[in-house]
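Colleague: Please take me through the ligand site in detail. After that, add the aromatic pairs.

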Amino acid sequence: MKFEDKFSLPSEWLSDESKQIVESCREIVEKEIFPVRQELDEDWKEHKIYEKLLKKLMLDFGWQCAPWPKEYGGFELDTITYCLCLEEMDRGDSGLATAADCGNWAFMPIFAPYPNEVLIKKFAPLACQTKKLFVGCAAITDERSGSDVENIDGTHGQYIATTAELDGDEWVINGHKLWPTNSGGVADLFAVFCTTNPGVQDDASFAIIYVPADTPGVRQGDPYQKAGMSGDKNGDVWFENVRVPKENRANLKPGDDAKAARLFMNAGNIGASAQALGIMRNCYELVKEWCDKRVVGGKILKEHSMTAGVLADIAMMIEVSRSDTYMKARMMDNPDAYGIDPAGKEFLAKTRANKLFVTDQMTIIINKAMDLMGSHGYAREGHIEKHWRDSKIISLWMGGRGLAKLDIARWFYDCKTF
Ligand SMILES: Cc1cc2nc3c(=O)[nH]c(=O)nc-3n(C[C@H](O)[C@H](O)[C@H](O)COP(=O)(O)OP(=O)(O)OC[C@H]3O[C@@H](n4cnc5c(N)ncnc54)[C@H](O)[C@@H]3O)c2cc1C
């Protein structure tokens with residue numbers, strides 16, 4: 001497959017260094033992931049191939065240094081460069097991209113909106129090196145519900161089931177998390193979303209506390225078998241009287257962890273859209289190659305006007321989705337220029353809208369691509385079916401369509417619904 005990116009890029013906002021980083025990412029993906037992607041689904045449990053690929057990205061490419069501040073040895077990538085790299089990873093394999101992205105995403109609450117110098121100093125030496133994996137895991141989803149944790153502005157932590165109680169200078173954590181990316185034994189550090197005051201609606205009780213995976217009382221189950229996303233291990237994680245120092249809370253000032261969680265959701269929404277764009281672009285490449293060569297009714301497929309119309313729809317959806325995604329990425333990095341708070345409700349509504357729209361386009365594009373490729377798109381070797389199985393969860397995670405719509409309606413229409 002010949003690499004081609006005809007879609008508009010936010011070039012004005014990209015430095016030469018950023019372009020080089022994205023190019024290096026693409027080279028690794030094309031050299032290491034594309035040749036083996038047919039074998040990856042069988043590797044969902046053992047992760048023999050996946051572990052090597054994760055090391056290629058996190059260590060050889062240096063992805064685990066990507067979000068950390070430069071003064072601590074990180075790359076401090078801007079959101080646009082970060083998202084363009086995610087696009088490239090998702091062109092290859094969205095499960096692996098999810099593992100690599102969430103491995104970093106879990107640290108976001110200690111970077112912004114209020115940098116926590118104590119925790120940055122504590123964890124940076126482990127992350128900002130390229131010899132040994134240091135993978136994060138955002139443990140949000142409770143057994144009871146994921147949305148109830150993520151519905152920050154609806155229920156304000158009232159239904160969070162995982163608890164943290166202060167005992168002297170230590171937090172004592174109890175709870176049962178399901179699904180977090182990089183569970184199943186991959187992660188080194190959990191960001192545990194919990195409450196210090198169960199059953200109470202109060203942003204001050206919303207807590208994000210960092211727990212090393214080898215802390216006594218942390219127990220993990222086997223990875224679940226899923227429709228796709230095999231590169232991402234998801235399983236149960238139990239926290240039973242787990243003790244960590246008081247300083248491991250992302251923000252010590254009451255209410256600031258809820259703000260950090262909102263900013264974290266915003267970054268997650270933009271990242272999810274970038275992931276969807278990577279899948280959409282790969283569908284475009286596959287379909288273009290197919291329609292350039294396939295002859296039906298004595299004519300190359302793309303020269304049938306009916307096909308050309310479908311191809312135009314695919315290009316249109318990618319072009320528009322990309323423009324809005326990088327607009328949101330730019331807003332994240334330059335909030336003052338846009339008059340927004342990157343941890344605020346307005347931006348949450350707007351990033352939710354972006355993710356909902358872009359992932360909807362992704363689903364439509366995958367279906368259209370499969371229509372055009374017929375049974376070849378449905379076959380393993382056609383690659384489209386892999387995107388079909390992998391992609392659905394991108395619109396479901398972080399509270400799914402239901403919570404996304406609530407956040408949008410609450411800000412744009414001042415709805416009180418929760
Ligand atoms: C590949 C993969 C990766 C994942 N990664 C992570 C991760 O890194 N960390 C993590 O913690 N979890 C992760 N998850 C879990 C995922 O984020 C949750 O499953 C998701 O947030 C939804 O939670 P739930 O399944 O408990 O559904 P529920 O919260 O029970 O929601 C059920 C339905 O109700 C809707 N809904 C939500 N709120 C409302 C409301 N107020 N009113 C009406 N309807 C509502 C939802 O949209 C959904 O349709 C992952 C899952 C997968 C499969």
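Modeller: The ligand site comes before the aromatic pairs here.

This is a predicted model, where local features need pLDDT of at least 70, side-chain atom pairs count only at pLDDT 80 or more, and totals for chains, interfaces and linings use all residues. Residues are numbered from 1 along each chain as its sequence is written, and side-chain values use heavy atoms, with hydrogens and water left out.

Start with the shell around the ligand. It holds 25 residues. A residue is near a molecule if one of its heavy atoms lies within 4 Å of it. The closest are A138, T141, G146, S147 and G399. By type, the shell has 12 nonpolar, 10 polar and three charged residues. Here Ala, Val, Leu, Ile, Met, Phe, Trp, Tyr, Cys and Pro count as nonpolar, Asp, Glu, Lys and Arg as charged, and the others, Gly among them, as polar.

Next, the polar contacts. The term covers a pair of N or O atoms within 3.5 Å; within protein, one must be able to donate a hydrogen and the other to accept it, and residues adjacent in sequence count only if both atoms are side-chain atoms. On the side of T181, an N or O atom of the side chain sits 2.9 Å from a nitrogen atom of the ligand. E150 places a polar side-chain atom 3.2 Å from a ligand oxygen. M398 uses its backbone instead: a polar atom there is 3.3 Å from an oxygen atom of the ligand.

How much of the ligand does the protein cover? On its own, the ligand has 990 Å² of accessible area, and the protein covers 70% of that. Such areas come from the Shrake-Rupley method with a 1.4 Å probe; for residues, only the protein chains shown count as cover.

Which elements give two or more residues to the shell? They are β1 (136–139), α7 (147–150), α14 (384–396) and α15 (400–413). Helices (H or I, at least four residues) and strands (E, at least two) are DSSP runs, numbered from the N terminus. α15 gives the most, with five residues. Domain 2 (136–256) and domain 3 (257–413) each supply at least three residues to the shell. Those bounds come from an automatic or database domain assignment.

Back to M398. This residue lies in the loop between α14 and α15. M398 is buried, at 6% relative accessible area. Buried means under 20%, exposed over 50%, and partly exposed in between (1.4 Å probe, protein chains only).

Now the aromatic pairs. The whole structure has 14 of them. Rings of Phe, Tyr and Trp (its six-membered ring) pair if their centres lie within 6.5 Å; planes under 30 degrees apart count as stacked, over 60 as edge-to-face and the rest as tilted. F7 and Y284 are edge-to-face, because their planes stand at 75 degrees, with ring centres 5.0 Å apart. This pair links distant parts of the chain, 277 residues apart: F7 is in the segment before α1 (16–33), and Y284 is in helix α9 (residues 256–293). F7 is buried at 7% relative accessible area. Y284 is buried too, at 12%.

F193 and F206 also pair edge-to-face, 6.3 Å centre to centre, with 85 degrees between the planes. F193 sits in strand β4 (residues 189–195) and F206 in strand β5 (residues 206–212). Both F193 and F206 are buried. Elsewhere, ring pairs link W68, F107, F111 and F134 into a cluster.
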